[in-house]
Amino acid sequence: MRVKRERPGPLRWLRHLLDELLVRILSLSLFRVKSKPPAASFSGLDSSSVTKYVPIPRVKGLPVVGTLLDLIAAGGATHLHKYIDARHRQYGPIFRERLGGTQDAVFVSSANLMRGVFQHEGQYPQHPLPDAWTLYNQQHACQRGLFFMEGAEWLHNRRILNRLLLNGNLNWMDVHIESCTRRMVEQWRSRTAEVAAILPEEGGEIRSYELPLLEQQLYRWSIEVLCCIMFGTSILTCPKIQSALDHFTQIVHKVFEHSSRLMTFPPRLAQMLRLPIWRDFEANVDEVLREGAAIIDYCIGVQQDQKQPHEDALFQRLQAAEVPGEMIKRIFVDLVIAAGDTTAFSSQWALFALSQEPLLQKRLAREQSTHDSRLLHGLIKESLRLYPVAPFIGRYLPQDAQLGGHFIEKDTMVLLSLYTAGRDPAHFEQPNRVLPERWCIGQSEQVHQSHGSLPFAIGQRSCIGRRVALKQLHSLLGRCVSQFEMRCLNEQPVDSVLRMVTVPDQTLRLALRPRTE
Ligand code: HEM
């Protein structure tokens, strides 16, 4: 079944508008979310110190609802990245806006301002967390992994994981990534060969194999990779693990769906009223945390029973770093949740970008046969630049800061508009084109500001899975370009919508044929 993700007609749009407004007003008056202290206002500051700064343009809004009506008119929360992109075009690389709620956010999109934010993020950088998750953790007194940690606890665990997942030689994980990717692509190859062997279509064309359930397959793959990095590839031969991973993939995928539904409905209100949207989310997260912990327990049990020496894997490394068992569970489950949708959708976007460029596919296939990877590396950078799955990165500034001649008060939420920055002609020549060679040495005229693309963020709290994800993308795309010619079968232009991460607005239909040259 093909699912059209978001194209409301005028009546549905009106109903959507009324729903969102009603819900927002109710939630503001009844259940104000106390996440961060409100930012100090300009009126509280010494006026002489403020006047020497360049004022930040402010988008005017209404009392209580702020500029929420404008956002709804632009398509609602699922179109936030496009809405903010239009605002940047109107107001420039920095502006303030209150999209409802009690606090302004400052949006920045220039490479220099974005870099400045990371310079001011402090010792324990704080990022905004999805309300639904924060509420769940509070309600269930649930202690979570790295993404949710704060202060000294975060720094301690982050330093350990930096050593194990980001710094130095990570070749030990190649064997795990390669074997999972080989298995998935091998299935695609044999199905593609079977379909191609059937008599050609009218007109003599070789038949193509349309990849079924691409999103689910890529989810399964990214979770399997993490499991193998954690416990070694041999863990997959255990009788129970395949079905446990199938089930785990389904429920992690559902978490993503439930959380994105709660992006357009205030979680606190849903929780107070015990609405199905909250109950489903809650039950689903319970199950993911329980099953994740059960998989770990099972794998630990298997390893203890094994006679032969263990493979080189993260679990042994965490134990050697004296991370307690309970903490390993917390870290592992949240690594899986963080990796699932980001890697699955970044891979989908990269395959989509490739499917639009048959000549580039051919060039990449040729490059692979010479064991060079510069162009492939550039392609991955291009798809992450054009389709950053996290289109906003947020930081609460721990101190008053001066950013590009502007004054930003302590505790302000600053949001980096990655979607806009990656498509800004001030950062990239012909920004809307996929030009992998722009990242090759000697092509610097094509990249004016490389920091215009920060898909994994930078600084202390940047993505801990960056190198894992890049290795995965590299392995998947390298194999695909060598073996297949890829085509996109979608009849309507594919665009991005925001559902926790940016995803295609329709089910992506990719067709494969054996590569013949
Ligand atoms: C292409 C795939 C990926 C993208 C684009 C991506 C992007 C990001 C970004 C932008 C952040 C920073 C969020 C912030 O600063 O607030 C982040 C954080 C994080 N990512 Fe990724 N990510 C990807 C894959 C992964 C993978 C494979 C893992 C697990 C191995 C992972 C685990 C995490 C964790 C745990 C954090 C929180 C780090 C912390 O708070 O210290 N990510 N990711």
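This talk describes a predicted model of a protein chain with a ligand.

Good morning, colleagues. I shall begin with the chain as a whole, then turn to its core, its sheets, the ligand and a few individual residues.

The protein chain has 517 residues, and 39% of them count as buried. Its secondary structure comprises 18 helices and 11 strands. How much of the contact network joins positions far apart in sequence? Among contacts with a separation of 6 or more, 76% are between residues 24 or more positions apart.

Let us consider the interior. In general, nonpolar side chains in soluble globular proteins tend to be buried together. In this model, the largest nonpolar core holds 115 residues. The members that touch the most others in that core are Val108, Leu226, Ile229, Met230, Val336 and Leu477. Which element supplies the largest share of this core? It is α14, with 15 residues. One core member deserves a closer look: Leu226. Apart from neighbours within four places in sequence, Leu226 is in contact with Leu335, Val336 and Ala339.

The helix α14, which spans residues 325-355, appears again around the ligand. The ligand is surrounded by 25 residues. The closest are His127, Ala338, Ala339, Cys463 and Gly465. Two elements give two or more residues to this shell, namely α14 and α18, the latter covering residues 466-483. With seven residues, α14 provides the largest share of the shell. What is the chemical character of the surroundings? The shell consists of 16 nonpolar, six polar and three charged residues. Please note that Ala339 has been named twice: it is among the closest residues to the ligand, and it is also in contact with Leu226.

I now turn to the sheets. As a general point, the strands of a sheet pair through backbone hydrogen bonds, in either a parallel or an antiparallel manner. One open sheet has four strands in the order β1-β2-β7-β4, and its pairing is mixed. Its edge strands are β1, at residues 94-97, and β4, each of which pairs on one side only. From one strand to the next, the twist averages 25°.

The edge strand β4 covers residues 392-396. It runs antiparallel to β7, residues 413-417, and five bridges join the two. Within this pairing, Phe392 stands opposite Ser417, and Ile393 has Leu416 as its bridge partner. Which side chains of β4 are buried? Those of Ile393 and Arg395 are, and they point to one face. Phe392, Gly394 and Tyr396 point to the other face and are not buried.

A second open sheet has three strands, ordered β3-β11-β8, with antiparallel pairing. Here the edge strands are β3, residues 209-210, and β8, residues 484-488, and each pairs on one side only. Five bridges connect β8 with β11, which occupies residues 510-514. One of the bridged pairs is Met486 with Leu512 in β11. The helix α14 packs on this sheet, where it touches β8 and β11. The direction of α14 makes about 95° with that of β8.

Finally, I draw your attention to some individual residues. Most residues other than glycine have a negative phi. Which positions in this model depart from that pattern? Arg274 has a positive phi, near 50°. Its place is the loop between α11, residues 267-272, and α12, residues 276-305. Gln430 likewise has a positive phi, near 40°, and is found in the loop between α17, residues 418-422, and α18. Are these two residues buried or exposed? Arg274 is exposed because just 9 other C-beta atoms lie within 10 Å, where the limit for that class is 12 or fewer. Gln430 is also exposed, with 10 other C-beta atoms within 10 Å.

The last residue is Asp286, in helix α12. Asp286 is partly exposed, since 14 other C-beta atoms lie within 10 Å. Where does His140 lie relative to Asp286? The two are 146 residues apart in sequence, and their C-alpha atoms are 9.3 Å apart in space.

To conclude, I return to α14. This helix gives the largest share of the largest nonpolar core, supplies seven residues to the ligand shell and packs on the sheet that contains β8 and β11. Thank you for your attention.

Conventions: Residues numbered from 1 in each chain as written. Predicted model: local features only at pLDDT ≥ 70, side-chain atom pairs only at ≥ 80, totals over all residues. Near = placed C-beta within 6 Å. Nonpolar A, V, L, I, M, F, W, Y, C, P; charged D, E, K, R; others polar. Buried ≥ 20, exposed ≤ 12 C-beta atoms within 10 Å, placed from the backbone. Pairing = 2+ DSSP bridges. Core = buried A, V, L, I, M, F, W, Y, C linked by C-beta atoms within 7 Å. Contact = placed C-beta atoms within 7 Å. Axes fitted to C-alpha atoms, helices over the stretch in contact; angles between N-to-C directions.
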